[in-house]
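The following exercises practise the reading of a protein model. Each task is followed by a solution in steps.

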Amino acid sequence: GCIWYWTAYLMQGSIQQLLIESEGLPPATWIPSLGLPCPGQCYNLQYFAFLSARLEDSCTCDRDTLTAAQHTFRGAYNDLLPVIIGLFILVA
């Protein structure tokens, strides 16, 4: 449970940092067939060894998609806290 909690925290925090740093930059596009690396203002899932993503799906540049993913991970992070507390109570 703690690993999932940490993973949700890491993902939502890294997406939030990317959104802050890329604020005001022009929209980026990435075309997998060109063989170019993921642009800096996009979210590259290949940095996370615990995620399995195809190259075509590993780079996300759309800010709306990133914002939705951030909200989803934040919700998972908030929902996992009671699970962690419950596991601790069961073990203790």
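**Exercise 1.** Which residues is Gln12 in contact with, leaving aside its neighbours within four places in sequence?

*Solution.* The model examined here is a predicted one.
Step 1. Locate the residue: Gln12 belongs to helix α1.
Step 2. List the partners: leaving aside neighbours within four places in sequence, Gln12 is in contact with Gln70, Phe73 and Arg74.
Step 3. Take up one of these partners, Gln70, whose place is in helix α2. With the same kind of neighbours left aside, Gln70 is in contact with Gln12, Ile15, Gln16 and Leu19.

**Exercise 2.** Determine whether Gln12, Gln70 and Pro27 are buried or exposed.

*Solution.* Step 1. Recall the cut-offs: a residue is buried under 20% relative accessible area and exposed over 50%.
Step 2. Apply the lower cut-off. Gln12 has a relative accessible area of 8%, so Gln12 is buried. Gln70 has a value of 7% and is therefore buried.
Step 3. Apply the upper cut-off. Pro27, in the loop between α1 and β1, has a relative accessible area of 79% and is therefore exposed.
Step 4. Add a distance for Pro27: its C-alpha atom and that of Tyr43 are separated by 13 Å, with the two residues 16 residues apart along the chain.

**Exercise 3.** Describe how helix α1 and helix α2 are arranged with respect to one another.

*Solution.* Step 1. State what is required: two packed helices are described by the angle between their axes and the distance between the axes.
Step 2. Give both values. The axes of α1 (residues 2–21) and α2 (residues 63–91) cross at roughly 150 degrees and come within 8 Å.
Step 3. Classify the angle. Angles over 145 degrees count as roughly antiparallel, and therefore α1 is roughly antiparallel to α2.
Step 4. Give the handedness: the crossing of α1 past α2 is left-handed.
Step 5. Name the residues that meet. On the side of α1 they include Tyr5, Ala8, Met11, Ile15 and Leu19, and on the side of α2 they include Leu66, Phe73, Tyr77, Leu80 and Ile84.
Step 6. Sort the residues of this contact by character: 17 are nonpolar, 4 are polar and 2 are charged.

**Exercise 4.** Which residues of α1 are buried, and what covers them?

*Solution.* Step 1. Describe the helix: α1 has 20 residues and reaches 28 Å from its first C-alpha to its last, close to the 28 Å expected at 1.5 Å a residue.
Step 2. List the residues. Tyr5, Thr7, Ala8, Met11, Gln12, Ile15, Leu18 and Leu19 are the buried residues of α1.
Step 3. Name the cover, which includes β1 (43–44) and α2.
Step 4. Examine Met11, a residue of helix α1. Its relative accessible area is 2%, and therefore Met11 is buried. The C-alpha atoms of Met11 and Asn78 are separated by 13 Å, although the two residues are 67 residues apart along the chain.

**Exercise 5.** What does Leu18 touch, not counting residues up to four places away in sequence?

*Solution.* Step 1. Locate Leu18, which is found in helix α1.
Step 2. Consider its exposure: with a relative accessible area of 10%, Leu18 is buried.
Step 3. List its contacts, not counting residues up to four places away in sequence: Leu18 touches Gly40, Gln41, Cys42, Tyr43 and Leu66.
Step 4. Complete the picture with a distance: Leu18 and Trp6 are 18 Å apart, C-alpha to C-alpha, and 12 residues apart in sequence.

Definitions and conventions
Residues numbered from 1 in each chain as written. Predicted model: local features only at pLDDT ≥ 70, side-chain atom pairs only at ≥ 80, totals over all residues. Heavy atoms only, no water. Axes fitted to C-alpha atoms, helices over the stretch in contact; angles between N-to-C directions. Helix = DSSP H or I, 4+ residues; strand = E, 2+ residues; numbered from the N terminus. Parallel < 35°, antiparallel > 145°, perpendicular 65-115°, else oblique. Left-handed = near helix turned anticlockwise from the far one by under 90°. Contact = heavy atoms within 4.5 Å. Nonpolar A, V, L, I, M, F, W, Y, C, P; charged D, E, K, R; others polar. Expected span 1.5 Å × (residues − 1). Buried < 20%, exposed > 50% of the residue type's maximum accessible area, 1.4 Å probe, protein only.
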